[in-house]
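Colleague: I would like to learn how to read a few local features of a protein model. Where should we begin?

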Amino acid sequence: MGADREGRGRRRPARVMVYAAGGVLVLAGCASMPDSGDLRGVESTPRQETQVRVFAVPPGEDAPPSDIVQGFLEALTSDDPHYKTARQYLTGDAAKTWRPEASTTVLTDGPGAKPEAGGGGEDSGAISYMLTGAKVATVDAQQAYAPATGAYGKSVHLTQDSKGQWRIDALPQGVVIGESDFQRNYMSVSKYYFASNTDAAGSKSQTAVADPVYVRRRVEPMTQMVSSLLNGPTRWLGPVVRSSFPTGTALAKDAGALTPDDRNKLTVPLNDKAAGVGTNRCEEMAAQLLFTLRKLSPAVDEVELRAGGEDLCSLTQQAAEAAASRGAARHPDYLYFVDGKHRLVRIAAGNSDTDPEPAPGALGEGETALRSVAVSRDEHTAAGVSLDGRSLYVGSLVSGGSLGEPVLRSRGGAEKQRLTTPSWDADDGLWVADRDPDHPRLLLLQEGKGDPLEVRMPHLDGRIQSVRVAADGVRIALVVEKGGKKTLLIGLIERGEKPGGEPAVSVVELRSATPELEEVTAMSWAGDSRLVVVGREHGGVEQMRYVQVDGSTPDVPAPAALTGVKDVTAAEDDQLPLVAYSVDGIVRLPSGEQWQKVTEGTAPVYPG
(Lines give C-alpha, C1' and ligand atoms only; values in the text may rest on other atoms or scores of the structure.)
Protein backbone atom coordinates (compact mmCIF):
# COMPACT_ATOMS: atom_id res chain seq x y z
CA MET A 1 0.00 0.00 0.00
CA GLY A 2 1.26 3.47 -0.79
CA ALA A 3 3.50 2.19 -3.58
CA ASP A 4 4.39 4.66 -6.33
CA ARG A 5 2.48 4.43 -9.56
CA GLU A 6 4.29 4.07 -12.82
CA GLY A 7 4.90 7.15 -14.91
CA ARG A 8 3.71 9.85 -12.51
CA GLY A 9 5.17 8.84 -9.15
CA ARG A 10 1.86 9.40 -7.37
CA ARG A 11 0.84 7.63 -4.21
CA ARG A 12 -2.80 6.62 -3.96
CA PRO A 13 -4.79 7.85 -0.93
CA ALA A 14 -5.24 5.18 1.68
CA ARG A 15 -5.81 4.52 5.31
CA VAL A 16 -4.24 1.93 7.53
CA MET A 17 -6.30 -0.22 9.85
CA VAL A 18 -4.49 -1.81 12.75
CA TYR A 19 -6.22 -4.42 14.84
CA ALA A 20 -5.28 -7.15 17.25
CA ALA A 21 -5.88 -10.74 16.18
CA GLY A 22 -4.58 -13.37 18.56
CA GLY A 23 -1.95 -10.96 19.87
CA VAL A 24 -0.60 -10.14 16.38
CA LEU A 25 -0.92 -6.70 14.82
CA VAL A 26 -2.39 -6.86 11.35
CA LEU A 27 -2.24 -4.03 8.80
CA ALA A 28 -4.99 -3.57 6.24
CA GLY A 29 -5.12 -0.97 3.48
CA CYS A 30 -7.64 0.38 0.99
CA ALA A 31 -8.13 -0.41 -2.66
CA SER A 32 -6.47 1.82 -5.25
CA MET A 33 -8.18 4.75 -6.92
CA PRO A 34 -8.38 5.20 -10.69
CA ASP A 35 -6.40 8.09 -12.16
CA SER A 36 -9.33 9.36 -14.20
CA GLY A 37 -13.12 9.44 -14.23
CA ASP A 38 -15.61 10.49 -11.58
CA LEU A 39 -14.65 10.15 -7.94
CA ARG A 40 -16.79 7.47 -6.35
CA GLY A 41 -18.09 7.38 -2.81
CA VAL A 42 -15.87 6.53 0.12
CA GLU A 43 -17.15 3.09 1.03
CA SER A 44 -17.83 2.78 4.73
CA THR A 45 -15.64 0.08 6.18
CA PRO A 46 -17.42 -2.97 7.58
CA ARG A 47 -17.90 -2.58 11.29
CA GLN A 48 -14.96 -4.11 13.10
CA GLU A 49 -14.30 -5.07 16.68
CA THR A 50 -13.49 -2.18 19.02
CA GLN A 51 -9.75 -3.07 18.94
CA VAL A 52 -9.53 -1.80 15.35
CA ARG A 53 -7.64 1.46 14.92
CA VAL A 54 -7.59 3.32 11.63
CA PHE A 55 -4.67 5.60 10.74
CA ALA A 56 -4.83 8.06 7.86
CA VAL A 57 -2.16 8.34 5.18
CA PRO A 58 -0.95 11.82 4.10
CA PRO A 59 -1.30 13.03 0.51
CA GLY A 60 1.08 11.62 -2.06
CA GLU A 61 3.49 13.65 -4.16
CA ASP A 62 1.80 15.12 -7.26
CA ALA A 63 -1.52 13.46 -6.34
CA PRO A 64 -4.38 14.54 -8.65
CA PRO A 65 -7.49 16.35 -7.27
CA SER A 66 -9.53 13.12 -7.16
CA ASP A 67 -6.94 11.47 -4.90
CA ILE A 68 -6.79 14.55 -2.66
CA VAL A 69 -10.55 14.54 -2.11
CA GLN A 70 -10.61 10.78 -1.61
CA GLY A 71 -7.67 10.89 0.79
CA PHE A 72 -9.24 13.68 2.80
CA LEU A 73 -12.54 11.80 3.15
CA GLU A 74 -10.66 8.67 4.17
CA ALA A 75 -8.71 10.64 6.78
CA LEU A 76 -11.99 11.73 8.39
CA THR A 77 -12.67 8.08 9.29
CA SER A 78 -9.35 7.66 11.11
CA ASP A 79 -8.52 7.73 14.81
CA ASP A 80 -6.26 10.77 14.43
CA PRO A 81 -7.06 12.79 17.60
CA HIS A 82 -6.89 16.26 16.02
CA TYR A 83 -7.31 15.33 12.35
CA LYS A 84 -3.70 16.35 11.72
CA THR A 85 -3.41 14.12 8.66
CA ALA A 86 -6.72 15.34 7.24
CA ARG A 87 -5.43 18.91 7.51
CA GLN A 88 -2.48 18.00 5.30
CA TYR A 89 -4.95 17.74 2.42
CA LEU A 90 -5.93 21.40 2.96
CA THR A 91 -4.19 24.65 2.14
CA GLY A 92 -2.58 26.44 5.07
CA ASP A 93 -5.43 28.94 5.42
CA ALA A 94 -8.13 26.27 5.09
CA ALA A 95 -6.40 24.11 7.70
CA LYS A 96 -6.47 27.02 10.16
CA THR A 97 -10.18 27.81 9.67
CA TRP A 98 -11.60 24.29 9.31
CA ARG A 99 -13.40 23.19 12.50
CA PRO A 100 -14.04 19.43 12.45
CA GLU A 101 -15.65 19.62 15.89
CA ALA A 102 -18.42 21.89 14.55
CA SER A 103 -20.58 18.94 13.48
CA THR A 104 -20.61 15.40 12.19
CA THR A 105 -22.94 14.51 9.32
CA VAL A 106 -23.71 10.80 9.05
CA LEU A 107 -24.64 9.42 5.62
CA THR A 108 -26.11 6.04 4.75
CA ASP A 109 -22.94 5.20 2.83
CA GLY A 110 -19.66 7.05 2.61
CA PRO A 111 -19.90 10.40 0.80
CA GLY A 112 -19.81 10.26 -2.97
CA ALA A 113 -17.94 12.93 -4.90
CA LYS A 114 -17.77 14.04 -8.52
CA PRO A 115 -16.41 17.07 -10.36
CA GLU A 116 -18.92 19.91 -10.51
CA ALA A 117 -20.03 21.17 -13.87
CA GLY A 118 -18.42 24.55 -14.45
CA GLY A 119 -16.16 23.99 -11.44
CA GLY A 120 -12.93 24.19 -13.39
CA GLY A 121 -10.50 21.41 -14.20
CA GLU A 122 -6.95 20.21 -13.66
CA ASP A 123 -5.67 22.36 -16.52
CA SER A 124 -7.19 25.54 -15.04
CA GLY A 125 -5.46 25.26 -11.68
CA ALA A 126 -8.76 25.05 -9.77
CA ILE A 127 -11.54 22.46 -9.55
CA SER A 128 -14.64 21.79 -7.41
CA TYR A 129 -16.13 18.48 -6.30
CA MET A 130 -19.65 17.95 -4.98
CA LEU A 131 -19.95 15.64 -1.97
CA THR A 132 -23.27 13.78 -1.94
CA GLY A 133 -25.19 11.19 0.03
CA ALA A 134 -28.36 10.42 1.99
CA LYS A 135 -28.40 11.82 5.53
CA VAL A 136 -28.99 9.55 8.51
CA ALA A 137 -28.13 11.84 11.42
CA THR A 138 -26.15 14.82 12.60
CA VAL A 139 -24.04 15.32 15.71
CA ASP A 140 -23.72 19.00 16.64
CA ALA A 141 -20.94 20.94 18.33
CA GLN A 142 -22.32 19.87 21.72
CA GLN A 143 -21.97 16.25 20.58
CA ALA A 144 -25.75 15.81 20.63
CA TYR A 145 -27.21 13.32 18.14
CA ALA A 146 -30.29 14.02 16.03
CA PRO A 147 -31.85 11.84 13.30
CA ALA A 148 -31.81 13.47 9.86
CA THR A 149 -33.27 12.78 6.44
CA GLY A 150 -32.88 14.12 2.94
CA ALA A 151 -30.03 14.58 0.53
CA TYR A 152 -26.59 15.86 1.49
CA GLY A 153 -24.78 18.09 -0.97
CA LYS A 154 -21.71 20.18 -0.15
CA SER A 155 -18.93 21.46 -2.35
CA VAL A 156 -15.16 21.33 -1.84
CA HIS A 157 -12.82 23.48 -3.92
CA LEU A 158 -9.20 22.69 -4.76
CA THR A 159 -6.30 24.79 -6.02
CA GLN A 160 -2.64 24.19 -6.70
CA ASP A 161 -0.17 25.60 -4.20
CA SER A 162 3.15 27.27 -5.00
CA LYS A 163 4.75 23.85 -5.42
CA GLY A 164 2.09 22.67 -7.86
CA GLN A 165 0.45 20.35 -5.31
CA TRP A 166 -3.35 20.12 -5.27
CA ARG A 167 -4.95 21.05 -1.95
CA ILE A 168 -8.48 21.80 -0.73
CA ASP A 169 -8.88 25.53 -0.08
CA ALA A 170 -12.64 25.70 0.61
CA LEU A 171 -14.78 23.06 2.34
CA PRO A 172 -17.79 22.78 4.68
CA GLN A 173 -17.18 22.95 8.42
CA GLY A 174 -17.42 19.71 10.35
CA VAL A 175 -16.95 16.09 9.37
CA VAL A 176 -18.94 13.92 6.93
CA ILE A 177 -18.78 10.16 7.40
CA GLY A 178 -20.59 6.94 6.44
CA GLU A 179 -22.89 5.21 8.93
CA SER A 180 -20.75 2.13 9.52
CA ASP A 181 -17.64 4.26 10.06
CA PHE A 182 -19.64 6.40 12.47
CA GLN A 183 -20.66 3.31 14.44
CA ARG A 184 -17.04 2.17 14.55
CA ASN A 185 -15.55 5.54 15.45
CA TYR A 186 -18.14 6.94 17.87
CA MET A 187 -19.95 5.73 20.96
CA SER A 188 -22.88 7.05 22.95
CA VAL A 189 -22.16 7.93 26.58
CA SER A 190 -24.44 9.76 29.01
CA LYS A 191 -23.19 12.67 31.04
CA TYR A 192 -25.19 13.58 34.15
CA TYR A 193 -26.71 16.74 35.56
CA PHE A 194 -29.27 17.37 38.28
CA ALA A 195 -32.96 18.02 37.83
CA SER A 196 -33.47 21.76 38.33
CA ASN A 197 -36.93 21.34 39.82
CA THR A 198 -35.52 19.66 42.94
CA ASP A 199 -34.07 21.38 45.99
CA ALA A 200 -31.14 23.76 45.65
CA ALA A 201 -27.51 22.71 45.73
CA GLY A 202 -26.51 21.01 48.94
CA SER A 203 -29.68 18.95 49.17
CA LYS A 204 -29.27 15.28 49.93
CA SER A 205 -32.00 14.32 47.45
CA GLN A 206 -30.61 15.43 44.11
CA THR A 207 -31.99 13.59 41.09
CA ALA A 208 -29.46 12.76 38.36
CA VAL A 209 -30.56 13.17 34.74
CA ALA A 210 -28.79 11.46 31.83
CA ASP A 211 -27.75 13.58 28.84
CA PRO A 212 -26.47 11.29 26.04
CA VAL A 213 -23.74 12.53 23.70
CA TYR A 214 -21.48 10.90 21.11
CA VAL A 215 -17.70 10.91 21.55
CA ARG A 216 -14.91 9.39 19.46
CA ARG A 217 -14.40 5.89 20.76
CA ARG A 218 -10.59 5.72 20.71
CA VAL A 219 -9.62 9.37 21.12
CA GLU A 220 -9.23 9.84 24.90
CA PRO A 221 -12.95 9.25 25.63
CA MET A 222 -12.51 9.88 29.35
CA THR A 223 -11.03 13.33 28.74
CA GLN A 224 -13.70 14.03 26.11
CA MET A 225 -16.50 13.15 28.53
CA VAL A 226 -15.13 15.26 31.37
CA SER A 227 -14.75 18.24 29.04
CA SER A 228 -18.24 17.71 27.65
CA LEU A 229 -19.69 17.54 31.17
CA LEU A 230 -17.93 20.77 32.17
CA ASN A 231 -19.21 22.51 29.03
CA GLY A 232 -22.77 22.06 30.27
CA PRO A 233 -25.89 20.18 29.16
CA THR A 234 -27.05 19.92 25.57
CA ARG A 235 -29.44 22.60 24.36
CA TRP A 236 -32.45 20.28 24.43
CA LEU A 237 -32.04 19.18 28.06
CA GLY A 238 -30.64 22.46 29.39
CA PRO A 239 -33.96 24.07 30.47
CA VAL A 240 -34.72 21.37 33.06
CA VAL A 241 -31.31 20.55 34.56
CA ARG A 242 -28.46 22.28 36.37
CA SER A 243 -24.79 21.56 36.94
CA SER A 244 -23.01 21.87 40.28
CA PHE A 245 -19.82 23.00 38.53
CA PRO A 246 -19.38 26.79 38.75
CA THR A 247 -19.88 28.63 35.47
CA GLY A 248 -16.68 28.69 33.45
CA THR A 249 -15.18 25.59 35.07
CA ALA A 250 -12.90 23.70 32.71
CA LEU A 251 -9.97 21.34 32.89
CA ALA A 252 -6.74 23.00 33.94
CA LYS A 253 -4.56 23.94 30.98
CA ASP A 254 -1.90 21.42 31.98
CA ALA A 255 -4.41 18.61 32.72
CA GLY A 256 -3.36 16.39 29.81
CA ALA A 257 -5.12 13.09 29.15
CA LEU A 258 -7.16 11.86 32.11
CA THR A 259 -6.43 8.29 33.23
CA PRO A 260 -7.19 6.59 36.58
CA ASP A 261 -4.32 5.23 38.62
CA ASP A 262 -3.78 1.59 39.51
CA ARG A 263 -6.39 1.88 42.28
CA ASN A 264 -8.99 3.16 39.78
CA LYS A 265 -8.84 6.64 41.26
CA LEU A 266 -9.11 9.54 38.83
CA THR A 267 -7.65 12.92 39.70
CA VAL A 268 -9.33 15.77 37.80
CA PRO A 269 -7.45 19.11 37.84
CA LEU A 270 -9.82 22.05 37.27
CA ASN A 271 -9.19 25.70 36.56
CA ASP A 272 -9.51 28.41 39.19
CA LYS A 273 -13.27 28.83 38.59
CA ALA A 274 -13.79 25.78 40.80
CA ALA A 275 -11.45 26.90 43.59
CA GLY A 276 -13.04 27.44 46.97
CA VAL A 277 -16.28 25.49 46.48
CA GLY A 278 -17.77 24.00 49.63
CA THR A 279 -17.63 20.31 50.47
CA ASN A 280 -21.29 19.56 49.66
CA ARG A 281 -21.09 21.23 46.27
CA CYS A 282 -17.77 19.59 45.49
CA GLU A 283 -19.22 16.17 46.25
CA GLU A 284 -22.10 16.90 43.88
CA MET A 285 -19.53 17.80 41.22
CA ALA A 286 -17.70 14.54 41.89
CA ALA A 287 -20.98 12.60 41.73
CA GLN A 288 -21.69 14.06 38.28
CA LEU A 289 -18.26 12.89 37.15
CA LEU A 290 -18.64 9.40 38.60
CA PHE A 291 -22.07 8.89 37.03
CA THR A 292 -20.70 10.15 33.71
CA LEU A 293 -17.62 7.91 33.72
CA ARG A 294 -19.13 4.76 35.22
CA LYS A 295 -19.38 2.82 31.94
CA LEU A 296 -16.04 3.85 30.48
CA SER A 297 -12.94 1.69 30.54
CA PRO A 298 -10.70 1.62 32.50
CA ALA A 299 -13.08 1.72 35.44
CA VAL A 300 -13.22 4.72 37.77
CA ASP A 301 -14.08 3.85 41.37
CA GLU A 302 -13.14 7.19 42.94
CA VAL A 303 -12.76 10.79 41.79
CA GLU A 304 -10.58 13.46 43.37
CA LEU A 305 -11.05 17.10 42.35
CA ARG A 306 -8.28 19.68 42.47
CA ALA A 307 -8.29 23.42 41.74
CA GLY A 308 -6.06 26.35 42.65
CA GLY A 309 -3.28 23.97 43.64
CA GLU A 310 -5.41 22.37 46.38
CA ASP A 311 -7.47 19.22 46.85
CA LEU A 312 -11.18 20.06 46.87
CA CYS A 313 -12.74 16.70 47.72
CA SER A 314 -12.85 13.04 46.74
CA LEU A 315 -15.82 10.71 46.33
CA THR A 316 -16.29 6.99 45.67
CA GLN A 317 -18.88 5.40 43.38
CA GLN A 318 -20.76 4.06 46.40
CA ALA A 319 -20.86 7.47 48.04
CA ALA A 320 -22.04 9.03 44.76
CA GLU A 321 -25.09 6.76 44.70
CA ALA A 322 -25.87 7.94 48.22
CA ALA A 323 -25.36 11.62 47.34
CA ALA A 324 -27.84 11.62 44.44
CA SER A 325 -30.56 9.33 43.14
CA ARG A 326 -30.21 7.80 39.69
CA GLY A 327 -33.04 5.85 38.09
CA ALA A 328 -30.94 2.91 36.93
CA ALA A 329 -29.62 2.41 40.47
CA ARG A 330 -33.10 1.64 41.83
CA HIS A 331 -34.00 -2.02 42.18
CA PRO A 332 -37.76 -2.65 42.43
CA ASP A 333 -39.03 -5.32 44.78
CA TYR A 334 -41.80 -6.64 42.56
CA LEU A 335 -43.17 -7.00 39.04
CA TYR A 336 -46.90 -6.23 38.92
CA PHE A 337 -49.63 -7.20 36.47
CA VAL A 338 -53.37 -7.94 36.18
CA ASP A 339 -54.48 -11.56 36.56
CA GLY A 340 -57.36 -13.44 34.93
CA LYS A 341 -59.78 -12.07 37.51
CA HIS A 342 -58.71 -8.50 36.68
CA ARG A 343 -57.03 -7.98 40.05
CA LEU A 344 -53.57 -6.56 40.80
CA VAL A 345 -51.00 -9.31 41.48
CA ARG A 346 -47.22 -9.36 41.84
CA ILE A 347 -44.11 -11.54 41.57
CA ALA A 348 -40.76 -10.83 43.20
CA ALA A 349 -38.61 -8.97 40.66
CA GLY A 350 -35.65 -10.73 39.11
CA ASN A 351 -36.30 -14.32 40.18
CA SER A 352 -37.84 -17.29 38.42
CA ASP A 353 -41.16 -17.38 40.26
CA THR A 354 -44.23 -18.12 38.15
CA ASP A 355 -46.86 -18.13 40.89
CA PRO A 356 -48.13 -14.59 41.55
CA GLU A 357 -49.61 -13.41 44.81
CA PRO A 358 -52.40 -10.84 45.21
CA ALA A 359 -51.01 -7.38 45.81
CA PRO A 360 -51.98 -6.14 49.28
CA GLY A 361 -54.67 -3.47 49.34
CA ALA A 362 -58.00 -2.90 47.68
CA LEU A 363 -56.72 -3.16 44.08
CA GLY A 364 -55.45 -6.67 44.74
CA GLU A 365 -57.94 -7.84 47.33
CA GLY A 366 -61.11 -5.95 46.35
CA GLU A 367 -63.80 -6.39 43.72
CA THR A 368 -62.88 -3.64 41.23
CA ALA A 369 -62.03 -5.11 37.82
CA LEU A 370 -58.95 -3.53 36.26
CA ARG A 371 -57.53 -3.26 32.74
CA SER A 372 -54.20 -1.57 33.56
CA VAL A 373 -52.17 -0.55 36.61
CA ALA A 374 -49.22 1.53 37.78
CA VAL A 375 -47.30 1.29 41.05
CA SER A 376 -45.47 4.20 42.69
CA ARG A 377 -41.69 4.01 42.70
CA ASP A 378 -41.58 3.45 46.46
CA GLU A 379 -44.15 0.64 46.00
CA HIS A 380 -46.44 2.10 48.65
CA THR A 381 -49.32 3.10 46.36
CA ALA A 382 -50.99 1.70 43.25
CA ALA A 383 -53.27 3.16 40.61
CA GLY A 384 -55.62 1.18 38.37
CA VAL A 385 -57.85 1.93 35.42
CA SER A 386 -61.21 0.16 35.43
CA LEU A 387 -61.95 -2.59 32.91
CA ASP A 388 -64.01 -0.24 30.75
CA GLY A 389 -61.24 2.39 30.77
CA ARG A 390 -63.55 5.01 32.28
CA SER A 391 -62.38 5.31 35.92
CA LEU A 392 -59.02 5.77 37.65
CA TYR A 393 -58.63 4.44 41.19
CA VAL A 394 -55.76 4.95 43.66
CA GLY A 395 -55.15 2.81 46.74
CA SER A 396 -52.36 1.97 49.17
CA LEU A 397 -50.52 -1.33 49.01
CA VAL A 398 -51.50 -2.20 52.56
CA SER A 399 -53.83 -5.09 53.35
CA GLY A 400 -57.32 -4.16 54.45
CA GLY A 401 -57.36 -0.68 52.95
CA SER A 402 -60.51 0.61 51.26
CA LEU A 403 -60.54 1.90 47.70
CA GLY A 404 -63.03 4.74 47.72
CA GLU A 405 -64.37 6.65 44.74
CA PRO A 406 -62.45 7.08 41.48
CA VAL A 407 -60.05 10.02 41.46
CA LEU A 408 -60.78 10.64 37.78
CA ARG A 409 -63.42 9.72 35.19
CA SER A 410 -63.35 9.91 31.41
CA ARG A 411 -66.34 10.72 29.23
CA GLY A 412 -64.93 9.04 26.13
CA GLY A 413 -67.52 7.05 24.19
CA ALA A 414 -65.47 3.87 23.56
CA GLU A 415 -62.82 2.05 25.60
CA LYS A 416 -60.00 3.27 23.33
CA GLN A 417 -61.24 6.83 23.78
CA ARG A 418 -60.85 6.80 27.53
CA LEU A 419 -57.95 6.62 30.00
CA THR A 420 -54.47 5.37 29.19
CA THR A 421 -52.33 3.29 31.52
CA PRO A 422 -51.15 5.70 34.26
CA SER A 423 -47.53 6.41 35.24
CA TRP A 424 -45.95 7.62 38.49
CA ASP A 425 -43.10 10.13 38.67
CA ALA A 426 -40.39 10.25 41.33
CA ASP A 427 -42.35 12.74 43.48
CA ASP A 428 -45.48 10.56 43.66
CA GLY A 429 -47.21 12.47 40.91
CA LEU A 430 -49.64 10.33 38.90
CA TRP A 431 -49.83 10.99 35.14
CA VAL A 432 -52.57 9.78 32.81
CA ALA A 433 -53.98 10.82 29.44
CA ASP A 434 -57.70 11.07 28.72
CA ARG A 435 -58.25 10.16 25.06
CA ASP A 436 -61.79 11.57 24.92
CA PRO A 437 -61.98 13.01 21.36
CA ASP A 438 -64.08 15.91 22.63
CA HIS A 439 -61.66 16.80 25.42
CA PRO A 440 -58.23 15.09 25.06
CA ARG A 441 -55.97 15.94 27.99
CA LEU A 442 -52.76 14.98 29.78
CA LEU A 443 -53.44 15.11 33.51
CA LEU A 444 -51.31 15.10 36.67
CA LEU A 445 -52.59 14.22 40.13
CA GLN A 446 -50.18 15.33 42.84
CA GLU A 447 -49.59 12.35 45.16
CA GLY A 448 -52.35 10.57 43.25
CA LYS A 449 -55.16 12.60 44.74
CA GLY A 450 -56.96 15.91 44.65
CA ASP A 451 -58.10 17.82 41.61
CA PRO A 452 -56.23 16.78 38.46
CA LEU A 453 -53.95 19.40 36.96
CA GLU A 454 -54.20 19.72 33.19
CA VAL A 455 -50.71 19.70 31.72
CA ARG A 456 -50.08 22.32 29.08
CA MET A 457 -48.74 20.96 25.79
CA PRO A 458 -48.32 23.94 23.46
CA HIS A 459 -46.73 22.02 20.60
CA LEU A 460 -48.55 18.67 20.70
CA ASP A 461 -49.76 17.63 17.25
CA GLY A 462 -51.92 14.53 17.68
CA ARG A 463 -53.63 12.56 20.44
CA ILE A 464 -51.75 10.82 23.27
CA GLN A 465 -52.16 7.04 23.36
CA SER A 466 -49.58 6.10 25.99
CA VAL A 467 -47.66 7.85 28.81
CA ARG A 468 -44.45 6.93 30.66
CA VAL A 469 -42.58 9.35 32.94
CA ALA A 470 -38.84 8.86 33.40
CA ALA A 471 -37.43 8.13 36.85
CA ASP A 472 -35.72 11.54 36.85
CA GLY A 473 -39.09 13.34 36.71
CA VAL A 474 -38.06 15.81 33.99
CA ARG A 475 -38.55 13.70 30.85
CA ILE A 476 -41.69 12.02 29.58
CA ALA A 477 -42.29 9.49 26.79
CA LEU A 478 -45.54 9.69 24.84
CA VAL A 479 -46.99 7.62 22.05
CA VAL A 480 -48.90 10.15 19.94
CA GLU A 481 -51.31 9.28 17.12
CA LYS A 482 -51.92 11.46 14.11
CA GLY A 483 -53.34 10.46 10.76
CA GLY A 484 -53.15 6.75 11.57
CA LYS A 485 -49.45 6.96 12.50
CA LYS A 486 -48.31 6.36 16.09
CA THR A 487 -44.98 7.95 16.99
CA LEU A 488 -42.85 7.86 20.14
CA LEU A 489 -42.11 11.39 21.32
CA ILE A 490 -39.85 12.47 24.19
CA GLY A 491 -40.62 15.75 25.95
CA LEU A 492 -39.36 17.83 28.85
CA ILE A 493 -41.45 18.51 31.95
CA GLU A 494 -41.33 22.15 33.06
CA ARG A 495 -42.85 23.14 36.40
CA GLY A 496 -43.76 26.61 37.61
CA GLU A 497 -46.61 28.64 39.02
CA LYS A 498 -49.58 30.43 37.52
CA PRO A 499 -50.45 33.95 38.71
CA GLY A 500 -51.87 33.50 42.19
CA GLY A 501 -49.53 30.68 43.17
CA GLU A 502 -51.29 27.77 41.47
CA PRO A 503 -48.94 25.11 40.09
CA ALA A 504 -48.37 25.02 36.35
CA VAL A 505 -46.86 22.08 34.51
CA SER A 506 -45.98 21.94 30.81
CA VAL A 507 -44.51 19.37 28.45
CA VAL A 508 -42.28 21.09 25.89
CA GLU A 509 -39.57 20.40 23.29
CA LEU A 510 -41.23 17.24 21.97
CA ARG A 511 -39.01 15.26 19.59
CA SER A 512 -39.31 11.88 17.92
CA ALA A 513 -37.22 8.98 19.19
CA THR A 514 -38.39 6.60 16.43
CA PRO A 515 -38.76 8.60 13.20
CA GLU A 516 -38.50 5.46 11.06
CA LEU A 517 -41.43 3.69 12.79
CA GLU A 518 -44.97 4.47 11.69
CA GLU A 519 -46.74 2.30 14.26
CA VAL A 520 -45.51 2.22 17.88
CA THR A 521 -47.71 -0.15 19.86
CA ALA A 522 -45.89 -0.35 23.22
CA MET A 523 -42.94 1.27 25.00
CA SER A 524 -41.23 1.55 28.37
CA TRP A 525 -38.21 3.27 29.86
CA ALA A 526 -35.34 0.77 30.03
CA GLY A 527 -32.53 2.81 31.59
CA ASP A 528 -31.48 6.38 32.29
CA SER A 529 -31.48 7.35 28.59
CA ARG A 530 -32.91 4.31 26.84
CA LEU A 531 -36.36 2.91 26.03
CA VAL A 532 -37.64 -0.39 24.69
CA VAL A 533 -40.16 0.00 21.87
CA VAL A 534 -42.51 -2.32 20.02
CA GLY A 535 -43.50 -1.13 16.55
CA ARG A 536 -43.11 -1.52 12.82
CA GLU A 537 -41.74 0.40 9.90
CA HIS A 538 -43.82 1.20 6.83
CA GLY A 539 -44.64 -2.10 5.15
CA GLY A 540 -42.61 -4.00 7.73
CA VAL A 541 -43.33 -6.52 10.45
CA GLU A 542 -43.62 -5.87 14.16
CA GLN A 543 -40.30 -5.71 15.97
CA MET A 544 -38.95 -4.92 19.42
CA ARG A 545 -35.90 -2.69 19.74
CA TYR A 546 -34.03 -0.39 22.07
CA VAL A 547 -33.80 3.32 21.27
CA GLN A 548 -32.01 6.22 22.90
CA VAL A 549 -33.91 9.35 23.88
CA ASP A 550 -32.01 11.22 21.14
CA GLY A 551 -33.31 8.86 18.44
CA SER A 552 -30.10 6.87 18.01
CA THR A 553 -29.77 3.11 18.31
CA PRO A 554 -27.80 1.97 21.38
CA ASP A 555 -24.88 -0.39 20.90
CA VAL A 556 -26.62 -3.33 22.59
CA PRO A 557 -28.29 -6.43 21.12
CA ALA A 558 -31.97 -6.07 20.27
CA PRO A 559 -34.36 -8.18 22.37
CA ALA A 560 -35.19 -11.64 21.03
CA ALA A 561 -38.15 -11.69 18.65
CA LEU A 562 -41.61 -12.05 20.17
CA THR A 563 -44.91 -12.10 18.30
CA GLY A 564 -48.18 -10.51 19.25
CA VAL A 565 -46.79 -8.07 21.81
CA LYS A 566 -49.46 -5.85 23.36
CA ASP A 567 -47.54 -4.42 26.34
CA VAL A 568 -43.91 -4.30 27.43
CA THR A 569 -42.22 -3.14 30.61
CA ALA A 570 -38.62 -2.73 31.69
CA ALA A 571 -36.98 -1.55 34.88
CA GLU A 572 -34.45 1.28 34.75
CA ASP A 573 -32.12 -1.29 36.33
CA ASP A 574 -30.95 -3.20 33.25
CA GLN A 575 -30.11 -6.27 35.35
CA LEU A 576 -33.82 -7.12 35.54
CA PRO A 577 -35.51 -8.96 32.66
CA LEU A 578 -37.82 -7.40 30.12
CA VAL A 579 -41.42 -8.47 30.66
CA ALA A 580 -44.18 -8.42 28.06
CA TYR A 581 -47.81 -9.29 27.54
CA SER A 582 -48.19 -11.24 24.31
CA VAL A 583 -50.40 -13.92 22.83
CA ASP A 584 -48.72 -16.31 25.29
CA GLY A 585 -49.69 -14.25 28.35
CA ILE A 586 -47.04 -12.78 30.66
CA VAL A 587 -43.52 -13.60 29.41
CA ARG A 588 -40.06 -12.46 30.48
CA LEU A 589 -36.65 -12.27 28.84
CA PRO A 590 -33.73 -13.08 31.17
CA SER A 591 -30.36 -11.76 30.01
CA GLY A 592 -28.84 -13.90 27.27
CA GLU A 593 -31.85 -16.22 27.04
CA GLN A 594 -35.09 -16.60 25.10
CA TRP A 595 -38.54 -15.45 26.14
CA GLN A 596 -40.07 -17.59 28.88
CA LYS A 597 -43.71 -18.02 29.81
CA VAL A 598 -44.46 -16.80 33.34
CA THR A 599 -48.20 -17.11 33.77
CA GLU A 600 -51.53 -15.90 32.45
CA GLY A 601 -52.31 -12.24 32.84
CA THR A 602 -52.14 -8.80 31.19
CA ALA A 603 -50.70 -5.31 31.63
CA PRO A 604 -47.30 -6.03 33.27
CA VAL A 605 -45.47 -3.12 34.92
CA TYR A 606 -42.45 -2.46 37.05
CA PRO A 607 -42.87 0.44 39.52
CA GLY A 608 -43.03 3.83 37.82
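Modeller: Begin with how helices and strands are named: they are DSSP runs, numbered from the N terminus. Keep in mind that this model is predicted. With those names, His342 can be placed in the loop between β18 and β19 (344-348).

Colleague: What is the sign of phi at His342?

Modeller: Phi of His342 is positive, about 65°, although the residue is not a glycine. Tyr83 is another such case, with phi near 55°. Tyr83 is found in the loop between α1 (65-75) and α2 (84-87).

Colleague: Is Tyr83 buried or exposed?

Modeller: Buried means under 20% relative accessible area. Tyr83 has 6%, so this residue is buried. His342 has 30% and is therefore partly exposed.

Colleague: How should I read a sheet?

Modeller: Strands of a sheet pair through backbone hydrogen bonds, either parallel or antiparallel. Here 4 strands form an open sheet in the order β20-β19-β18-β40, with antiparallel pairing.

Colleague: Which are the edge strands?

Modeller: They are β20 (357-358) and β40 (602-605), each of which pairs on one side only. The pairing of β40 with β18 (residues 334-338) is antiparallel and runs over 2 bridges. Tyr336 stands opposite Val605 in β40.

Colleague: What about peptide bonds: which form does the one from Ser297 to Pro298 take, cis or trans?

Modeller: The bond from Ser297 to Pro298 is cis, and its omega is near 5°. To locate Pro298, look in the loop between α6 (279-293) and β15 (302-307).

Conventions
Residues numbered from 1 in each chain as written. Predicted model: local features only at pLDDT ≥ 70, side-chain atom pairs only at ≥ 80, totals over all residues. Heavy atoms only, no water. Pairing = 2+ DSSP bridges. Buried < 20%, exposed > 50% of the residue type's maximum accessible area, 1.4 Å probe, protein only.
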